[in-house]
4 protein chains.
Amino acid sequence: MTVPAPLTGVVPPVCTPLTPEGEVDVPSLLRLVDHLLDGGVSGLFVLGSSSEAAYLTDRQRRVVAEAVTGHVGKEVPVLAGAIDMTTPRVLDHVRSVTEAGADAVVVTAPFYARTHPAEIARHYRLTAERSPVPVVAYDLPASVHSKLPAELVLELAAEGTLAGLKDSSGDEAGFRSVVTGARAHPGITGFSVLTGSELLVDAALAMGADGAVPGLANVDPHGYVRLYELCRAGDWTAARAAQERLCALFGMVRAGDPARMGGGSAALGAFKAALHLRGVIACPVTAEPQVPLSPEEVERVGESLAAAGLL
Amino acid sequence: MTVPAPLTGVVPPVCTPLTPEGEVDVPSLLRLVDHLLDGGVSGLFVLGSSSEAAYLTDRQRRVVAEAVTGHVGKEVPVLAGAIDMTTPRVLDHVRSVTEAGADAVVVTAPFYARTHPAEIARHYRLTAERSPVPVVAYDLPASVHSKLPAELVLELAAEGTLAGLKDSSGDEAGFRSVVTGARAHPGITGFSVLTGSELLVDAALAMGADGAVPGLANVDPHGYVRLYELCRAGDWTAARAAQERLCALFGMVRAGDPARMGGGSAALGAFKAALHLRGVIACPVTAEPQVPLSPEEVERVGESLAAAGLL
Amino acid sequence: MTVPAPLTGVVPPVCTPLTPEGEVDVPSLLRLVDHLLDGGVSGLFVLGSSSEAAYLTDRQRRVVAEAVTGHVGKEVPVLAGAIDMTTPRVLDHVRSVTEAGADAVVVTAPFYARTHPAEIARHYRLTAERSPVPVVAYDLPASVHSKLPAELVLELAAEGTLAGLKDSSGDEAGFRSVVTGARAHPGITGFSVLTGSELLVDAALAMGADGAVPGLANVDPHGYVRLYELCRAGDWTAARAAQERLCALFGMVRAGDPARMGGGSAALGAFKAALHLRGVIACPVTAEPQVPLSPEEVERVGESLAAAGLL
Amino acid sequence: MTVPAPLTGVVPPVCTPLTPEGEVDVPSLLRLVDHLLDGGVSGLFVLGSSSEAAYLTDRQRRVVAEAVTGHVGKEVPVLAGAIDMTTPRVLDHVRSVTEAGADAVVVTAPFYARTHPAEIARHYRLTAERSPVPVVAYDLPASVHSKLPAELVLELAAEGTLAGLKDSSGDEAGFRSVVTGARAHPGITGFSVLTGSELLVDAALAMGADGAVPGLANVDPHGYVRLYELCRAGDWTAARAAQERLCALFGMVRAGDPARMGGGSAALGAFKAALHLRGVIACPVTAEPQVPLSPEEVERVGESLAAAGLL
């Protein structure tokens with residue numbers, strides 16, 4: 001299907017349930033997709049960071065893309081990450097996910113390779129030239145170790161290279177520049193500005209963002225859709241309360257002991273533990289070499305769920 | 001063949017010549033290999049950073065590994081990078097390069113994914129368990145954005161997980177800890193400690209390193225082998241002069257304008273321009289989205305070569 | 001005077017006008033203070049980053065503190081930065097500014113010295129014990145190179161060590177944790193949570209912040225006070241428009257050429273050029289070794305002022 | 001006295017012994033100076049990082065400078081740190097330490113203030129213009145958060161702004177550029193290139209450095225002077241053994257628990273504990289807000305001393 005321009009609403013980055021052996025658990029994945037659609041989401045983003053794309057083999061990525069696009073049909077658009085180090089490798093993923101039916105691809109700046117703004121621009125231009133579907137830029141400095149400058153995003157939007165931005169940079173002032181710059185620019189229409197934050201969705205929408213791509217929406221899609229609707233209705237007081245409830249729920253990412261594991265293991269481990277506790281997925285395992293949560297840590301995740309009325 | 005334990009001497013990270021269309025130029029690659037063997041190198045490291053591994057598709061990586069191992073036979077060991085974000089993806093590359101005949105694999109810590117020392121240890125243990133050949137750790141914080149702690153390297157060496165270290169961290173004090181720690185540890189034998197520096201080979205060997213993996217050895221393998229031999233002979237005065245000559249030659253990486261390109265484009269562009277000027281490879285092109293050197297910049301590379309007596 | 005608990009409204013970090021010789025220009029400073037009071041600000045913060053505290057000698061800092069406290073009397077509270085590397089040096093500044101009449105001190109974590117959360121806590125506790133006035137924490141990782149963790153701020157607030165936070169970290173999610181955590185904590189009352197952002201004041205107030213300390217309020221105090229009042233009135237649509245007008249005005253910090261000067265020179269140079277163009281201060285010079293704006297760059301600052309209706 | 005050009009040998013950054021109340025313990029300081037002179041050092045560097053300059057008040061800094069210069073007379077040159085954020089503040093310290101008799105000043109790039117290479121150059125030029133004694137650049141990115149580029153150091157050396165470099169950057173390749181660049185440049189004579197490393201003194205001297213400024217030389221000046229002399233004699237095998245003995249001794253900085261304190265507290269705490277255990281200073285206390293070593297940690301420092309034959 002054609003991706004709406006702009007894409008609005010809640011577009012969760014879909015977790016990838018795994019079997020105890022580390023294979024993609026397709027039935028759990030499809031149950032998760034149904035859980036998200038039931039929550040009212042307006043699109044799905046597979047093979048992003050919350051999907052553990054960095055941990056999935058090419059074969060597994062293909063399984064995910066095919067399973068999800070096949071399942072949702074034309075109900076909502078499916079965006080797919082094409083996450084790799086440089087243009088030639090990204091183009092291989094673009095080919096794979098679009099053959100599998102993805103409606104748009106989500107692409108970061110080059111990483112591992114040392115890069116430069118001129119090379120980032122070249123990367124997006126080459127990718128967009130060769131992609132059969134729209135390209136959304138993914139700004140994730142915590143992983144990519146460079147920041148997409150707002151000016152560059154707007155330049156690439158104006159020339160038609162980029163169809164949107166998923167901003168997980170943590171730089172809300174820079175995000176605001178893109179939001180207001182895109183609206184003010186006569187050459188930019190239909191550009192989707194999406195926040196990747198779990199904690200600042202109300203603020204992003206108040207600034208004029210089109211939608212949100214929060215990892216925590218896997219756990220509580222209904223909560224994020226309600227938040228989105230309150231913001232659209234201009235009921236900022238209720239929106240703030242809904243957002244604060246979700247901020248408290250997000251506390252689950254602190255269940256994992258930082259002396260024992262990294263922040264990625266803790267966050268993805270918590271989301272998957274929560275989905276398991278809620279009965280959506282069959283097994284909470286995360287991919288290697290992530291460190292699993294202990295039973296006590298899973299219990300703390302359960303307490304977060306219970307406090308939010310989700311258990 | 002079995003990799004010597006320890007591996008000593010000069011082991012260049014082999015550049016990957018490309019055609020103007022961006023395909024692997026196998027005849028040029030084999031000429032480059034012959035040029036290196038002629039220089040007296042004691043091993044070859046393919047699919048590392050200087051090989052533009054980050055820019056090569058899986059298919060291209062396989063072409064490189066097969067071409068080089070097929071060409072050198074058992075003359076010298078071939079180490080191959082298995083460069084990817086996390087364990088499952090790295091294991092796919094390990095499978096591919098060992099099927100192609102690689103004698104050892106070179107593996108970084110996880111990147112893109114947020115990581116933790118416990119996860120790095122797990123990553124190397126799982127990789128070593130499943131690799132049919134020895135695993136050499138690759139410490140490259142400029143790309144990986146985490147540093148391998150000396151204590152962790154020694155722990156993994158002592159338990160037999162790691163067979164060696166290629167250190168491109170720029171932290172010579174940490175490198176020294178590994179060199180002296182490996183020698184002092186009763187449980188560590190045959191562990192290869194290799195510096196990835198172009199500029200501090202004499203210092204590294206004086207500290208007790210086993211060998212060097214300098215990208216610039218593509219351009220002047222004879223120069224690095226001579227430097228290695230002077231160090232082994234204890235002629236530190238002549239070694240310093242040989243090293244300083246190579247430091248001056250390395251100045252070619254500053255030919256590319258930093259306002260126009262990143263440090264990777266400048267360095268790899270200079271190495272390939274030099275190999276082209278020296279008649280070793282057919283085409284100096286680098287992979288996308290790197291920015292090519294201008295004719296004036298190539299001229300400056302030529303001046304560096306001429307000053308070193310290489311043109 | 002006693003600082004309100006919490007302190008609310010707009011509390012500008014007051015620029016320090018200098019003579020061409022680099023001395024504090026007291027008449028200009030007092031005109032600037034009057035300009036700010038006329039704008040309706042609810043407090044003044046002297047000797048912060050926008051005040052070039054890092055560039056002022058101890059003698060000059062004392063001149064500033066005395067001049068401003070002497071001028072405003074009890075009209076509004078005067079907060080004063082006690083910006084130095086570690087506890088003993090900070091305590092010297094606390095003594096000096098409180099002798100000069102400051103109503104509160106603003107203190108960063110230790111810098112230059114390598115630090116640790118336990119040392120940061122110790123630093124604030126010792127400072128608060130020995131300060132005759134309340135201590136406000138200043139979170140400015142761009143200068144201090146460590147981030148104040150939200151949990152630590154809340155712990156220090158609950159025990160009475162800290163009276164407030166000026167957050168210039170750029171981490172709005174962490175800021176939100178402090179805002180909601182302070183409200184939720186039974187042991188915390190009257191704690192002032194102030195954003196240091198120029199660009200996200202509406203968002204910060206919507207989240208529940210008490211006030212704002214924007215450097216750009218030197219240039220347009222009336223604009224920030226209007227923005228504050230719109231937020232307090234719950235008129236978020238008008239607030240957003242007022243904020244966007246100030247975001248455009250803030251574009252003046254990009255007048256200075258980044259190839260020729262750092263971001264500090266550009267921002268402080270622009271604020272002072274604007275104050276000079278608006279007739280508030282006699283001379284736009286910034287302290288050494290900052291690079292001055294060129295006449296063309298000053299002209300661009302003037303264009304920003306004109307576009308905002310300030311010239 | 002006039003500082004030799006170049007300054008060679010071992011020039012320890014002198015620790016500042018404190019009383020339990022945190023005041024400068026002058027008798028202990030003078031005993032420490034005698035201990036260093038007895039070790040054969042060729043100069044003293046007071047008010048550097050190992051001196052806890054960042055923690056000393058201006059009054060205390062003056063006490064240190066006067067006590068040491070008064071005590072050593074013309075025996076060896078005394079270099080004094082003028083460590084502060086920007087030019088005007090640095091110039092106040094330059095005035096103070098030169099009035100106290102310092103023979104040279106040691107100055108970092110601006111810190112806390114955001115900076116730029118053009119501003120760093122301006123900072124050193126203004127400082128040198130107004131300093132009655134030579135200016136030595138101090139490259140310490142761990143504290144200053146910018147790196148002095150080798151090209152800039154050489155440019156400032158050639159024009160006479162800088163008399164030397166103390167390099168604590170950890171970037172040995174960059175250090176080598178300065179060493180070889182200074183020797184090759186026709187306009188540079190007598191420029192002192194000093195390493196601040198404890199662990200790479202042999203390597204630095206082999207590259208052509210003039211001397212070393214290792215904090216650990218407080219604890220074992222004789223050991224560092226012996227190392228220096230072995231290097232000068234070209235006995236690199238014995239030098240390496242002497243250096244490795246000092247590397248093992250340096251292990252004392254890992255006695256302090258990193259979960260409980262920062263690296264500065266651990267290193268300075270260990271040096272002072274060692275000086276106390278060796279009977280040189282009366283009290284091992286470090287300045288606030290550093291975390292003191294526990295008795296068990298001090299015991300581990302003692303074990304390091306004993307293993308090196310220093311107890």
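A salt bridge is here a side-chain nitrogen of Lys or Arg within 4 Å of a carboxyl oxygen of Asp or Glu. The exercises below apply this and related criteria to a predicted model.

**Exercise 1. The chain A fold**

Task: Determine how many helices and strands chain A has, and what radius of gyration chain A has beside that of a compact globule.

Solution. Step 1: chain A has 12 helices and 8 strands. Step 2: the C-alpha trace of chain A spans about 50 × 45 × 40 Å along its principal axes. Step 3: for 311 residues, a compact globule would have a radius of gyration near 19 Å, and the 18 Å of chain A agrees with this.

**Exercise 2. The interface of chain B and chain A**

Task: Describe which elements and residue classes make up the side of chain B that touches chain A, and state what area the two chains bury.

Solution. Step 1: begin with the extent of the interface. In chain B, 49 residues are in contact with 49 residues of chain A. The two chains bury about 3800 Å² between them, and carbon and sulfur atoms carry 56% of that area.

Step 2: turn to the specific pairs. There are 6 salt bridges across the interface of chain B and chain A. One of them joins E288(B) to R122(A), with the closest N and O atoms 2.8 Å apart. This pair satisfies the salt-bridge criterion because 2.8 Å falls within the 4 Å cut-off. Residue pairs in polar contact between chain B and chain A number 22, counting pairs with both residues at pLDDT 80 or more.

Step 3: assign the interface to elements. Two or more residues each come from helix 2 (58-72), helix 3 (87-99), helix 4 (117-130), helix 5 (141-144) and helix 11 (263-277) of chain B. By class, the side of chain B that touches chain A comprises 23 nonpolar, 16 polar and 10 charged residues.

Step 4: consider the symmetry. A turn of 180 degrees, with a shift of 0.0 Å along the axis, lays chain B on chain A with an RMSD of 0.0 Å. Of the interface residues of chain B, 100% are also interface residues in chain A, so the copies meet through the same surface.

**Exercise 3. The interface of chain A and chain C**

Task: Identify which residues of chain A lose the most area to chain C, and what kind of axis relates the two chains.

Solution. Step 1: 18 residues of chain A are in contact with 18 residues of chain C. The buried area between these chains is about 1500 Å², with 52% of it on carbon and sulfur atoms. On the chain A side, R176(A), L200(A) and R240(A) lose the most area to chain C, together 36% of what that side buries.

Step 2: chain A and chain C share 4 salt bridges. Among them is the one in which the side chains of E244(C) and R183(A) meet, at 2.8 Å from N to O. The interface also holds 10 residue pairs in polar contact, both residues being at pLDDT 80 or more.

Step 3: helix 7 (172-184), helix 8 (201-207) and helix 10 (236-250) of chain A each supply at least two residues of the side that touches chain C. That side of chain A has 8 nonpolar, 4 polar and 6 charged residues.

Step 4: a rotation of 180 degrees with 0.0 Å of shift along its axis superposes chain A on chain C, the RMSD being 0.0 Å. That is the relation of a two-fold axis. A203(A) comes closest to the rotation axis of the residues of chain A, with its C-alpha at 2.8 Å. Here too, 100% of the interface residues of chain A are interface residues in chain C, so the copies meet through the same surface.

**Exercise 4. Chains without contact**

Task: State how far apart the nearest C-alpha atoms lie in chain B and chain C, which do not touch, and in chain A and chain D, which no contact joins.

Solution. Step 1: for chain B and chain C, the nearest C-alpha atoms are 10 Å apart. Step 2: for chain A and chain D, the closest C-alpha atoms also lie 10 Å apart.

**Exercise 5. Backbone exceptions**

Task: Locate the cis peptide bond that ends at P289(B) and the positive phi of H145(B).

Solution. Step 1: recall that most residues other than glycine have a negative phi, and most peptide bonds are trans. Step 2: the peptide bond from E288(B) to P289(B) is cis, with omega near 5 degrees. P289(B) lies in the loop between helix 11 and helix 12 (295-307) of chain B. Step 3: H145(B), although not a glycine, has a positive phi of about 65 degrees. H145(B) belongs to the loop between helix 5 and helix 6 (150-158) of chain B.

Methods:
Residues are numbered from 1 along each chain as its sequence is written. Chains are lettered from A and ligands numbered from 1 in the order in which they are written. This is a predicted model: local features need pLDDT of at least 70, side-chain atom pairs count only at pLDDT 80 or more; totals for chains, interfaces and linings use all residues. Side-chain values use heavy atoms; hydrogens and water are left out. Contact means heavy atoms within 4.5 Å. Buried area is the accessible area (1.4 Å probe) that two parts lose on being put together, summed over both. A polar contact is a pair of N or O atoms within 3.5 Å; within protein, one must be able to donate a hydrogen and the other to accept it, and residues adjacent in sequence count only if both atoms are side-chain atoms. Helices (H or I, at least four residues) and strands (E, at least two) are DSSP runs, numbered from the N terminus. Ala, Val, Leu, Ile, Met, Phe, Trp, Tyr, Cys and Pro count as nonpolar, Asp, Glu, Lys and Arg as charged, and the others, Gly among them, as polar. Copies are superposed by least squares on the C-alpha atoms of residues with pLDDT of at least 70 in both. The radius of gyration is taken over C-alpha atoms; the globule rule is 2.2 Å times the number of residues to the power 0.38.
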